[in-house]
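Here is a short set of questions and answers for a first look at one chain.

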Amino acid sequence: MTNIIFSSIFNDLKNAIKTKDHPFRYFTMATTDISGTPRLRTLVLRDIDDQLNFTIYTDSRSKKITHIREQNKVSLLFMDSKRLIQLSIHAKAEMITDDNILKTIWEQIPQKSRRDYTTQLAPGKEIKDPDEIDFLENKHFFSAIKIIPHRIEFLRIQRPNHMRVLFKKEDTYWRGTYLVP
């Protein structure tokens, strides 16, 4: 039965990439800063491969880049509030540094969305007015991150019994065990 649940997780994540209103399209990622303080942000799931590795996009000047370079352990949280399903994922984050891969991804991003990676000031910088952000021409700060999960907790709130399953990656295989919810 855990194999069926794992397949449904994989299918949900794959569908989240293609379906803009899928509840797993947007998720929360936690990193830690140099002092050990957790930092949370909402991200968009951009891609997932057959090994269940995720790809996300960001500005190369963002704090999450600094945090990942200092400590590459991240946690992800996906929530489907209609089906009452939560996925909690522990993973390792790696910067995608291959220029050919980054160029290919960049060329697939719609023109209107590329603007997000061309602000003159770095994300998080203080400004006086959100309508007065300056954008650069012919320069961007696009970056991509690969998220490599090694632990996934599935929780479904249901009656009469909630269901919680822990999946751990062992080599290339995911092993699932039931947990007390």
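The questions below move from the whole chain to single residues.

Q: How many helices and strands are there in the chain?
A: The model is a predicted one. Read along the sequence, its elements follow the pattern α-β-β-β-β-α-β-β-α-α-β-β-β. The chain has 4 helices and 9 strands.

Q: What share of the residues in the chain is buried?
A: The chain has 181 residues, and its C-alpha atoms fill a box of roughly 55 × 35 × 30 Å along the principal axes. Its accessible surface is about 11,500 Å², with 48% belonging to carbon and sulfur atoms. A residue counts as buried when its relative accessible area is under 20%. Buried residues make up 39%.

Q: Which residues have the most contacts inside the largest nonpolar core?
A: This core has 34 residues. Elements that give two or more residues to it include α1 (2–18), β1 (26–32), β5 (73–80) and β8 (163–170). Apart from it lies another core of 9 residues, among them Leu102 and Trp106. In the largest core, the residues with the most contacts are Leu13 and Ile147.

Q: Which residues does Ile147 touch, not counting residues up to four places away in sequence?
A: Ile147 belongs to the largest nonpolar core. Its partners outside that sequence window include Met29, Leu52 and Asn53. The full set is Met29, Leu52, Asn53, Phe54, Ile56, Val74, Leu76, Ala91, Lys92 and Ala93.

Q: Is Asn53 buried or exposed?
A: Asn53 lies in the loop between β3 (47–48) and β4 (54–59). Leaving aside neighbours within four places in sequence, Asn53 is in contact with Asp47, Ile48, Lys146, Ile147, Ile148 and Pro149. Its relative accessibility is 8%, and the limit for a buried residue is under 20%, so Asn53 counts as buried.

Q: Which side chains of β6 point to the face where they are buried?
A: In a regular strand the side chains alternate between the two faces of the sheet. Along β6, Gln86, Ser88, His90, Lys92 and Glu94 point to one face and are not buried. The side chains that point to the other face and are buried are Ile85, Leu87, Ile89, Ala91, Ala93 and Met95.

Q: Over how many bridges do β6 and β7 pair?
A: β6 pairs with β5 in the antiparallel sense over 8 bridges. These two strands form a hairpin with 4 residues between them, and Leu84 in the turn has a positive phi of about 55°. β6 also pairs with β7 in the antiparallel sense, and there Glu94 stands opposite Lys146. The pairing of β6 and β7 runs over 11 bridges.

Q: What distance separates the C-alpha atoms of Ser88 and Arg151?
A: Ser88 is found in strand β6, where it is the bridge partner of Leu77. Not counting residues up to four places away in sequence, Ser88 touches Leu76, Leu77, Arg151, Ile152 and Glu153. Ser88 and Arg151 are 63 residues apart along the chain, and their C-alpha atoms are separated by 8.2 Å.

Q: Which residue forms a salt bridge with Lys103?
A: Lys103 has a relative accessibility of 52%, over the limit of 50%, so it counts as exposed. Its partner also lies in helix α3 (residues 99–108), 4 residues away, about one turn of the helix. The closest N and O atoms are 3.7 Å apart, and the partner is Glu107.

Q: How far apart are the closest N and O atoms of Arg175 and Glu170?
A: Arg175 is partly exposed, with a relative accessible area of 36%. Glu170 is also partly exposed, at 35%. The two form a salt bridge, with their closest N and O atoms separated by 2.9 Å.

Q: What is the area of the nonpolar surface patch made by Leu121, Ile127, Ile133 and Phe135?
A: Leu121 is in the loop between α4 (111–114) and β7 (142–156). Patches are made of residues with over 30% relative accessible area, and Leu121 is at 46%. Together with Ile127, Ile133 and Phe135, Leu121 makes a nonpolar patch of about 320 Å².

Definitions and conventions: Residues are numbered from 1 along each chain as its sequence is written. This is a predicted model: local features need pLDDT of at least 70, side-chain atom pairs count only at pLDDT 80 or more; totals for chains, interfaces and linings use all residues. Side-chain values use heavy atoms; hydrogens and water are left out. Patches are made of residues with over 30% relative accessible area and no salt bridge: like charges are joined within 9 Å, nonpolar side chains (Val, Leu, Ile, Met, Phe, Trp, Tyr) within 5 Å. Accessible areas come from the Shrake-Rupley method with a 1.4 Å probe; for residues, only the protein chains shown count as cover. A salt bridge is a side-chain nitrogen of Lys or Arg within 4 Å of a carboxyl oxygen of Asp or Glu. Buried means under 20% relative accessible area, exposed over 50%, partly exposed in between (1.4 Å probe, protein chains only). Contact means heavy atoms within 4.5 Å. A nonpolar core is a set of buried Ala, Val, Leu, Ile, Met, Phe, Trp, Tyr and Cys residues joined through side-chain atoms within 4.5 Å. Two strands pair if DSSP finds at least two bridges between them.
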